Amino acid sequence: MQFFPPELVLNVLGHLRDDSESLSSCTLVCQEWVPLARQYLFATLAAQLPPPPSEGLIRLPQSIAALASGVSARCPYLKELRIYTPIRKKADPGVLQNSIISHLIKNLPQLQSLRIQDISIIPNELNEAPSGLSINSLELSFVERMVHHPVASSINALKLFSNVKNLSVIIEHK
């Protein structure tokens, strides 16, 4: 196949950014297009945490566990990550340790935006809060009846970061 400059290919792929089916087809054109198309295919991930068990912490979905361990093919490309639990009538929030968030961010070099919705963020068992992370945008959103201590969860999340350019903390009272 004839060579196209990466800038031209990225321009074409940029017009297809919202069409994942066409982007997937572009990865079949030639091997040089695969990493370029993945920049758009893997840029955003929304992961829903399952309901917590009666005791202990929730089990992470496979997509989040793979990102935290650094083995996911998405790691080099992911720019926006949203972790959430569905709104339920019962007050049974998802729970995440701040060490898991730290592992996620360290393994996602392109991550620019992290949104955490209706999840309690707690220190890890050793009470050592990993810190020194940097991110462009951090959004913490809580429905008060879902997360028992939204202010404490916000503080536990903020302890991870030494640099946050845009911070949004939303606590809804319902």
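These are my short notes on a few residues and one surface patch that I looked up in this predicted model.

**Entry 1: L41**

I started with L41 and asked which element it belongs to. L41 sits in helix 3, which covers residues 33-41. Next I checked how much of L41 is covered: its relative accessibility is 21%, so it counts as partly exposed, since buried would need a value under 20%.

Then I looked for partners further along the chain. Setting aside neighbours within four places in sequence, I found L41 in contact with S20, L23, S24 and T27. I also noted the spacing to D18: the two residues are 23 apart in sequence, yet 8.8 Å separates their C-alpha atoms in space.

**Entry 2: S72**

Is S72 buried or exposed? I found it buried, because its relative accessible area is 17% and the cut-off for buried is under 20%. S72 belongs to the loop that links helix 4 (62-69) with strand 2 (80-84).

What does the side chain of S72 reach? I traced it to the backbone nitrogen of R74, at 3.1 Å. Beyond the neighbours within four places in sequence, S72 is in contact with A66 and L67.

**Entry 3: the patch with F4**

Last, I turned to the surface. F4, L8 and V12 together make a nonpolar patch there, of about 240 Å². I picked F4 for a closer look and placed it in the segment before helix 1 (6-15). With a relative accessible area of 36%, F4 is partly exposed, as that value falls between the 20% and 50% limits.

Technical notes
Residues numbered from 1 in each chain as written. Predicted model: local features only at pLDDT ≥ 70, side-chain atom pairs only at ≥ 80, totals over all residues. Heavy atoms only, no water. Helix = DSSP H or I, 4+ residues; strand = E, 2+ residues; numbered from the N terminus. Buried < 20%, exposed > 50% of the residue type's maximum accessible area, 1.4 Å probe, protein only. Contact = heavy atoms within 4.5 Å. Polar contact = N/O pair within 3.5 Å; in protein donor to acceptor, adjacent residues only side chain to side chain. Patch = residues over 30% accessible without salt bridge, like charges linked within 9 Å, V, L, I, M, F, W, Y side chains within 5 Å. Areas by Shrake-Rupley, 256 points an atom, 1.4 Å probe, with all protein chains shown as cover. Salt bridge = Lys/Arg side-chain N within 4 Å of Asp/Glu carboxyl O.
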